[in-house]
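User: I would like to walk through a protein model together. Could you take my questions one at a time?

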Amino acid sequence: MSSLSSNSSDNESSSSNLPVREIPGDFGYPFFGAIKDRYDYYYNLGTDEFFRTKSQKYNSTVFRTNMPPGPFIAKDPKVIVLLDAVSFPLLFDNSKVEKKNVLDGTFMPSTDFYGGYRPCAYLDASEPKHATLKGFYLALMSKLHAQFIPLFKTSVSAMFQNLEIEMVKNGKAHFNDISDAMSFDFVFRLLCDQTSPHDTNLGSNGPKYFDLWMLPQLAPLVTTGLKFLPNFVEDLLLHTFQLPFFLVKSKYQKLYDAFNEHAGSILNEAEKSGINRDEACHNLVFFAGFNAYGGMKVLFPSLIKWVASGGKNLHTRLANEIRTIIKEEGGSITLSAINKMSLIKSTVYEALRIEPPIPFQYGKAKEDIMVQSHDSRFLIKKGEMIFGYQTFATKDANIFEKPEEFIPERFMGTEGEKLLRHVYWSNARETDNPTIDNKQCVGRDLAVLLCRLLLVEFFMRYDTFTVESSKFLAGSSVTFKTLEKKVT
């Protein structure tokens, strides 16, 4: 018999007297129910409407459903969904929820993509190797900390030059490609003793190689949105069978060879930590590609899109704050100066709240758990898969006023900063810190810093801008339409 635990410590109502409800929802007929949910999720309703419709149907933010991809990629698509800010943090409790092989949800790509190893992101915190690998990553981030700002300034300066060239040439500029090139350049220089990827076997192909390597792994979780491709054809190609590693084997080998050759000092440190050099290199490629580059690939276009939505009024306020503080600090962009920019800080957190770069969290119940929402309690049985849709949890109207609106100053002031505990983008509360014992993103602080630094560098150069954006695969496609240089 499993012992029964509760997530009552995370319950915002602080009530242990909430009624116990049977978890509503069903999975439909075997096989066919999962296919129907998959089509609703990708084609008939779309992601948000899929969850919203079911939540309204069951009058609950906790319910059962199938999650894509389902047959034939996932053996068991059945999950219990958590959509509110109270129940969602259960997924952060490693004593109650297992995170083994659930990074992508109800399936795991072949380890062929990772040299035959399970990267740290696929390990549960209780596995001995997790502490070794994550401890190494944490030490690495601490060691490289002093390089973050100068290296990013170098990479982002080249990005803005390319952005202006595109604007002059075409009257518009597709931000994603330019941003991806900058992100890869920064990550490679950071991890490879400041070596430029252009001076290696990768040349300018690094971003493309990482994109091609990630695509087969993430294909079961996305839709292309291509109007000319019939839904059933796309569903068959992307969501029915896993794409094999051999399609991208040569590209991955080039990435591995580049990091193996140029990240020698890091790999030497890994060996000293007791990590096999080959395994360390495959983990480093995963960290560089999936975690770092892959995160920036989604995060930076999203940030630019939301800041653009604030219009000239927001741009003027941001520029004034940045330029005033930089001037007061002697004209240099330093960490001390950035930390004084309260509107910049809040704006970045608001972008992370309204559109978290990794919207899905999974975990399997290690024991029977009594989970609480705002108004009810529910029994999750040991072994059941739990799924949290963060995009809804961080738009919980019981926590955030006007949750669907982008409000840049939301997290300013004492009361605003209290809301940071409800920002979950890093696989934990924003008020928590990554350790070897949890699954919080190692690069949490780096990602926030780079977002703030991106805006600082941008508004030191430009006064205002406009963009067009659309959804594309796992993120946003952003195109600059206008860009006004800073008036000196």
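Here are some questions and answers about the fold and its aromatic pairs.

Analyst: A quick note first: this is a predicted model, in which local features need pLDDT of at least 70 and side-chain atom pairs count only at pLDDT 80 or more, while totals for chains, interfaces and linings use all residues. Residues are numbered from 1 along each chain as its sequence is written, and side-chain values use heavy atoms, with hydrogens and water left out.

User: What radius of gyration does the chain have, next to that of a compact globule?

Analyst: The radius is taken over C-alpha atoms, and the globule rule is 2.2 Å times the number of residues to the power 0.38. For 488 residues, that rule leads to a value near 23 Å. The chain agrees with it, at 22 Å.

User: What share of the residues in the chain is buried?

Analyst: Happy to help! Buried means under 20% relative accessible area, exposed means over 50%, and partly exposed lies in between (1.4 Å probe, protein chains only). Of the 488 residues in the chain, the buried share is 55%.

User: How are the rings of Phe-184 and Tyr-293 arranged?

Analyst: Rings of Phe, Tyr and Trp (its six-membered ring) pair if their centres lie within 6.5 Å; planes under 30 degrees apart count as stacked, over 60 as edge-to-face and the rest as tilted. The whole structure holds 54 aromatic pairs. In this one, the centres are 6.3 Å apart and the planes stand at 85°, so the arrangement is edge-to-face.

User: Which helices hold Phe-184 and Tyr-293?

Analyst: Helices here are DSSP runs (H or I, at least four residues) and strands are too (E, at least two), numbered from the N terminus. The two residues are 109 apart, so the pair links distant parts of the chain. Phe-184 and Tyr-293 are both buried. Phe-184 sits in helix α5 (residues 175–191) and Tyr-293 in helix α10 (residues 277–309).

User: What kind of pair do Phe-360 and Phe-387 form?

Analyst: Phe-360 belongs to strand β7 and Phe-387 to strand β10, so the pair ties together parts 27 residues apart in sequence. Their ring centres are 5.7 Å apart, and with the planes at 40° the pair is tilted.

User: Is Phe-387 buried or exposed?

Analyst: Its partner Phe-360 has a relative accessible area of 25%, which makes Phe-360 partly exposed. For Phe-387 the value is 0%, so Phe-387 is buried.
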